[in-house]
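User: I should like to understand the terms applied to this structure. Please explain the grounds on which each one is used.

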Amino acid sequence: MTVGLTRSEHGSYDLDELMIIEAARHIRNGDVVMVGTGLPMVATTLAMKTHAPELVAVIESGPIDPIIMQTPISVSDPRAMHEAARLGSLREVLGCVLQRGLVDIGFIGGAQIDQFGNINSTVIGDYRSPKVRLPGSGGANDIACHARRLLIIVSHEKRRFPLKCDYVTSPGYLNGPGARQRAGLKVLTPTITVVTNLVVMETDAETGLFCVTKLMPGVDLDAVYGNTGFRPGVASTLEEVAPPSDRDLETLREEVDPDGVYVKRGKSH
Amino acid sequence: MGLREAVGRFVFDGAVVGLGGQNIGRCAMATVHEIIRQGKRDLTLVGCNLSISMDLLVGADLVRRCEGGSGNLERFGSTFCWRRKVQSGEIEMEDFSHLGMVSRFLAGEMGLPFMPTKSLLGSDILVHKAPSTVKKYEIIENPWNPGEAVVLLPALNPDVSIIHVQKSDSMGNVIIGGFTTHEPEMVRASRNTIVTCEEIIESRQIRSDPERTTLPHIYISAVVHQPWGAHPTSTYRYYDFDAEHLRFYQECARAGGEQVKAYLDRFVFGSESFQDYLEKVGGKERLLQLEKAMKRLCASKGENP
């Protein structure tokens, strides 16, 4: 699906940008955020430079509470290491911070997300004879098991939102309510929020299913249904995602993604 | 000991090899080149994130099996040789999460048979296993909390691990700068470890400030002074990753076949040593650019590079 342009009072922005800005808004100042590579790193960098300067980023290769000036392109990028409170190890971060229960938000992407918030980053097709072999869990399974809140940012395409994942790399609500508890997971009802360029969806702790809580400006529910392999519920208080502030847009364009690596330039400005 | 002798002595056909580094940071590339030149085969590669060091060995047809948490080069894309051969069934991949893998090294380094974790539960990582894996995991009931499931993962003790670090003395007292990923656990679990380093420092420097030692010499089998030994990946405080060469490698790896062979012929088999390779990728001029890029990163934070 191609993303349309939307006019704000202050000029134009596109929904890829608003997706990053909206995802950043879900991080509160002071949250301990376990950050994965790619768009999660972009949105976390933006949050740190705007409303959440005291967010504590933890990165699986070892950095604990770095100050991120330039957006790191990898969890092993030196850009993720400067002025950290500590440069530790993977065991320290994934074990002593995450599994220990100290992470507020796990922030990741994923190739497929199904109706129960399960995530696949391992394989498209059959595991034994894959159509496409993907990287695998990395720290994502650990994050989905142990973070109290899970924030997922992906560009909205139908193939990314199947009814059921080809392979469950990282557990959401598995096959429904109570399944996480039966499996033995410690966090029983995580809040799973997906932010895309069309919509914000959040899992309902009772049913384990996604509900649409916000629509991007200019996007209607039919567009969401047409681009999603399952039919999400709709929150009684359905809102529109607030447009970006000048500060958000400027910070994103000039500081976080100055070279247009994550949001292609020239479409809208 | 030189790298040729170290690899000849500690890496053998069929070995389980622990790979240090992660993604675009501190992969032990010089040692990987030497393993390829010596044609050590039927290797099982283990680590957390398996990156370009793994992909190059797979591209050289020296790998039978991988065990890890992920295979990729992040923004630079998949590890294409690995992806192609996992898809075709030519090599097998045993999947764990990163915490799962480091828990296995943790058991190994403490002389224990297994380690519990609360990750993986409910996921398909516990549903599927690689064909030659006998037993991947066990789920037990927590003896102190009846009814609670706990996953046990088997200890992993590599035959030999290869890491590239910032500093070591000639005995093998190692200082790792920046993130350490899974390396401390993996190295302490390994029967042998080959270290390449940017700088050899005096032992008295280690011993006057021993709390900075990441790994003491008792775990290290060979130390080789190999500046730029992680190229094209980065070494924190020394040089940034070489995006241009990474992209070039990725083009070859993605194309596969002749292009992978051509890459290996030109850069690995066609090089006597890693020094030759470094000349081919741009020599001093290029390397200084990468060094400057890292200095800029460090200086912008008021750090001492």
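Analyst: The following exchange sets computed values against the definitions of the terms. This is a predicted model, in which local features need pLDDT of at least 70, side-chain atom pairs count only at pLDDT 80 or more, and totals for chains, interfaces and linings use all residues. Residues are numbered from 1 along each chain as its sequence is written, chains are lettered from A and ligands numbered from 1 in the order in which they are written, and side-chain values use heavy atoms, with hydrogens and water left out.

User: Why is B:Ser103 called buried?

Analyst: Buried means under 20% relative accessible area, exposed over 50%, and partly exposed in between, with a 1.4 Å probe and protein chains only. B:Ser103 has 4% relative accessibility and therefore counts as buried. The residue belongs to helix H5 (residues 98-109) of chain B, where helices (H or I, at least four residues) and strands (E, at least two) are DSSP runs numbered from the N terminus. Neighbours within four places in sequence aside, B:Ser103 is in contact with B:Met115 and B:Thr117; contact means heavy atoms within 4.5 Å.

User: What makes A:Ile119 buried?

Analyst: Its relative accessible area is 1%, so A:Ile119 is buried. This residue is in strand E9 (residues 119-120) of chain A. Apart from neighbours within four places in sequence, its contacts include A:Ile108, A:Leu150, A:Ile152, A:Cys165 and A:Val168. A:Ile119 and A:Asp166 are 47 residues apart in sequence, and their C-alpha atoms are 9.4 Å apart in space.

User: How do you know that helix H2 of chain A is largely enclosed by the rest of the structure?

Analyst: The conclusion rests on a count: 11 of the 11 residues of helix H2 (residues 39-49) of chain A are buried, so the helix is largely enclosed. Among them are A:Leu39, A:Met41, A:Thr44 and A:Lys49. The buried residues of H2(A) pack against helix H1 (15-25), strand E3 (32-35), strand E4 (56-58), strand E7 (105-108), strand E12 (149-153) and helix H7 (246-256) of chain A.

User: Why are H2(B) and H3(B) called roughly parallel?

Analyst: Angles under 35 degrees count as roughly parallel, over 145 as roughly antiparallel, 65 to 115 as roughly perpendicular and the rest as oblique. Axes are lines fitted to C-alpha atoms, for helices over the stretch in contact, and angles run from 0 to 180 degrees between N-to-C directions. The axes of helix H2 (residues 29-38) and helix H3 (residues 52-59) of chain B cross at roughly 10 degrees and come within 10 Å. H2(B) and H3(B) are therefore roughly parallel to each other. Residues making the contact include B:Val32 and B:Ile36 of H2(B) and B:Leu56 and B:Leu57 of H3(B). By class, the contact of H2(B) with H3(B) has 7 nonpolar, 2 polar and no charged residues; Ala, Val, Leu, Ile, Met, Phe, Trp, Tyr, Cys and Pro count as nonpolar, Asp, Glu, Lys and Arg as charged, and the others, Gly among them, as polar.

User: What makes H8(B) oblique to H9(B)?

Analyst: The axes of helix H8 (residues 243-255) and helix H9 (residues 258-269) of chain B come within 6 Å and cross at roughly 135 degrees. That angle makes H8(B) oblique to H9(B). Among the residues that meet are B:Phe248 and B:Tyr249 in H8(B) and B:Tyr263 and B:Phe267 in H9(B). The contact of H8(B) with H9(B) divides into 8 nonpolar, 2 polar and 2 charged residues.

User: Which residues line the largest cavity, and what is meant by a cavity?

Analyst: On a 1 Å grid over the protein atoms alone, a cavity is a set of points where a 1.4 Å probe fits but cannot get out; lining residues have an atom within 4 Å of a point. The largest cavity has a volume of about 30 Å³, a volume being the space filled by probe spheres set on the points, with grid points joined across faces, edges and corners. Its lining includes A:Ser76, A:Pro78 and A:Met81, together with B:Arg26 and B:Tyr236. By class, this lining has 4 nonpolar, 6 polar and 1 charged residues.

User: What is notable about the phi of B:Asn23?

Analyst: Most residues other than glycine have a negative phi. Phi of B:Asn23 is near 50 degrees, a positive value in a residue other than glycine. B:Asn23 lies in the loop between strand E1 (16-19) and H2 of chain B, and its relative accessible area of 1% makes it buried.

Key. 1 Å grid on protein atoms, 1.4 Å probe; cavity = no way out; pocket = protein on both sides within 12 Å on 5 of 7 lines; lining within 4 Å.
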